[in-house]
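Visitor: I have a new model open on my screen and would like a friendly tour. Could you walk me through it, one question at a time?

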Amino acid sequence: MSPDTQQWTPIHGQPYRPASYRPERMPTGESLTRAAELRERMDGRRTVRHFSPDPVPEQVVRDAIACAATAPSGAHQQPWTFVLVKDPAVREQIRAAAEQEEQLSYDGRLGDEWLAALRPIGTDAVKTHLTDAPALIVVFQQRYWLGEDGTKHKHYYVDESVGIAVGMLLSALHLSGLAALIHTPSPMRFLSQVLNRPENEKAFAVIPVGYPSPDCEVPDLVRKSLDQVLVEV
């Protein structure tokens with residue numbers, strides 16, 4: 001049975017059922033080569049705000065979402081929903097609502113310190129990427145799930161679980177040749193309304209997906225070196 005035909009059902013309260021896991025061990029040389037190649041490829045990932053309207057292969061996006069959905073999660077509750085928004089009219093709605101919130105933020109709601117932190121990034125309240133990119137992935141976190149009798153059951157480590165999944169999504173998109181960015185308008189309640197999501201879901205991020213435009217520019221930034229982020233004990 002393929003992963004796409006298997007249907008997950010809640011395992012809350014069920015007994016532990018072990019399954020054998022014996023992946024083939026990769027030879028050291030191959031492992032080193034793959035790790036070096038992956039490091040180089042991921043170092044080329046950039047957050048893009050200038051998108052071409054050219055369509056992207058939808059199956060590539062679906063496969064990237066499927067990769068994200070393999071992320072580890074608290075108690076394997078998988079507390080995420082990925083809404084793929086292709087309809088231009090819906091993306092226009094999202095952009096209008098997001099820009100309204102962003103304008104309030106840039107007009108003072110963010111505070112001087114946050115605005116100063118954003119200055120090197122070159123962002124403002126205008127969010128053309130929300131309509132220029134051919135697709136949006138809106139990620140929702142599920143705060144709880146409902147049993148068959150309507151009983152609410154809490155999800156655990158939701159922020160951590162969904163954050164890991166989004167990181168895997170960005171990696172999968174980049175390694176598949178697509179560009180993306182994380183957009184987090186605040187507050188984001190309008191996303192639940194526009195996309196008609198249920199009460200247990202809360203918007204986590206908006207991710208435009210596409211190809212960089214021919215005139216795309218990104219901030220001239222430097223990442224921290226490995227010795228600045230790694231501590232070995």
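**A guided look at the model**

Guide: Let us start at Ser20, which counts as exposed because its relative accessibility is 63%. Please keep in mind that this is a predicted model.

Visitor: Where does Ser20 lie with respect to α1?

Guide: Helix α1 covers residues 28-43. Ser20 is found in the segment before α1.

Visitor: How far apart in space are Ser20 and Leu130, C-alpha to C-alpha?

Guide: Along the sequence, Ser20 and Leu130 are 110 residues apart. In space, the distance between their C-alpha atoms is 44 Å.

Visitor: Now the overall picture: how many helices and strands does the protein have?

Guide: Read from the N terminus, the order of elements is α-α-β-α-α-α-β-β-β-α-β-α-β-α. The C-alpha atoms fill a box of roughly 55 × 55 × 40 Å along the principal axes. The secondary structure comes to eight helices and six strands.

Visitor: What share of the residues of the protein count as buried?

Guide: A residue is called buried when its relative accessible area is under 20%. Among the 233 residues of the protein, the buried share is 35%.

Visitor: Which residue meets Arg62 in a salt bridge?

Guide: Side chains of opposite charge can pair when their charged atoms come close. For Arg62, the partner sits in the same helix, α2 (residues 58-68), four residues apart, about one turn of the helix. The N to O distance is 2.9 Å, and the partner is Glu58.

Visitor: Are Arg62 and Glu58 buried, exposed or partly exposed?

Guide: The class between buried and exposed runs from 20% to 50% relative accessible area. Arg62 has a relative accessibility of 37%, so Arg62 falls in that class. Glu58 is at 37% too, and therefore Glu58 counts as partly exposed.

Visitor: Which parts of the chain are tied together by Glu58 and Lys86?

Guide: The side chains of Glu58 and Lys86 form a salt bridge at 3.3 Å, N to O. The two residues are 28 apart in sequence, so the pair ties together helix α2, which holds Glu58, and the loop between β1 (80-85) and α3 (88-109), which holds Lys86.

Visitor: Which residues are linked with Lys86 in a network of salt bridges?

Guide: Lys86 is partly exposed, with a relative accessible area of 38%. The structure holds nine salt bridges. In the network, Lys86 is linked with Glu58 and Arg62.

Visitor: Is Glu201 buried or exposed?

Guide: Glu201 forms a salt bridge with Arg197 at 2.7 Å, N to O. Its partner Arg197 is partly exposed at 27% relative accessibility. Glu201 has a relative accessible area of 8%, so Glu201 is buried.

Visitor: Which element gives the most to the lining of the second largest pocket?

Guide: This pocket has a volume of about 650 Å³. Its lining has 26 residues, and those nearest the centre are Arg49, Leu118, Ile121, Thr123 and Ile182. Both α3 and α4 (112-118) supply at least two lining residues each. With four residues, the element that gives the most is α3.

Visitor: By class, how many nonpolar residues are in the lining of the second largest pocket?

Guide: The lining has seven polar residues and seven charged residues. Its number of nonpolar residues is 12.

Visitor: What accessible area do Leu226, Val229 and Leu230 have together?

Guide: Leu226 is located in helix α8 (residues 226-229). With a relative accessible area of 46%, Leu226 is partly exposed. The three residues form a nonpolar patch on the surface, and their accessible area together is about 270 Å².

Visitor: What phi does Ala75 have?

Guide: Most residues other than glycine have a negative phi. Ala75 sits in the loop between α2 and β1, and Ala75 is exposed because its relative accessible area is 55%. Although Ala75 is not a glycine, its phi is positive, at about 55°.

Visitor: Where is Asn196 placed?

Guide: Asn196 is not a glycine either, and has a positive phi of about 55°. Its relative accessible area of 66% is why Asn196 counts as exposed. Asn196 is in the loop between α7 (189-194) and β6 (201-210).

Definitions and conventions. Residues are numbered from 1 along each chain as its sequence is written. This is a predicted model: local features need pLDDT of at least 70, side-chain atom pairs count only at pLDDT 80 or more; totals for chains, interfaces and linings use all residues. Side-chain values use heavy atoms; hydrogens and water are left out. Buried means under 20% relative accessible area, exposed over 50%, partly exposed in between (1.4 Å probe, protein chains only). A salt bridge is a side-chain nitrogen of Lys or Arg within 4 Å of a carboxyl oxygen of Asp or Glu. On a 1 Å grid over the protein atoms alone, a cavity is a set of points where a 1.4 Å probe fits but cannot get out, and a pocket is an open set with protein on both sides within 12 Å along at least five of seven lines; lining residues have an atom within 4 Å of a point. Grid points are joined across faces, edges and corners, and a volume is the space filled by probe spheres set on the points. Ala, Val, Leu, Ile, Met, Phe, Trp, Tyr, Cys and Pro count as nonpolar, Asp, Glu, Lys and Arg as charged, and the others, Gly among them, as polar. Patches are made of residues with over 30% relative accessible area and no salt bridge: like charges are joined within 9 Å, nonpolar side chains (Val, Leu, Ile, Met, Phe, Trp, Tyr) within 5 Å. Accessible areas come from the Shrake-Rupley method with a 1.4 Å probe; for residues, only the protein chains shown count as cover.
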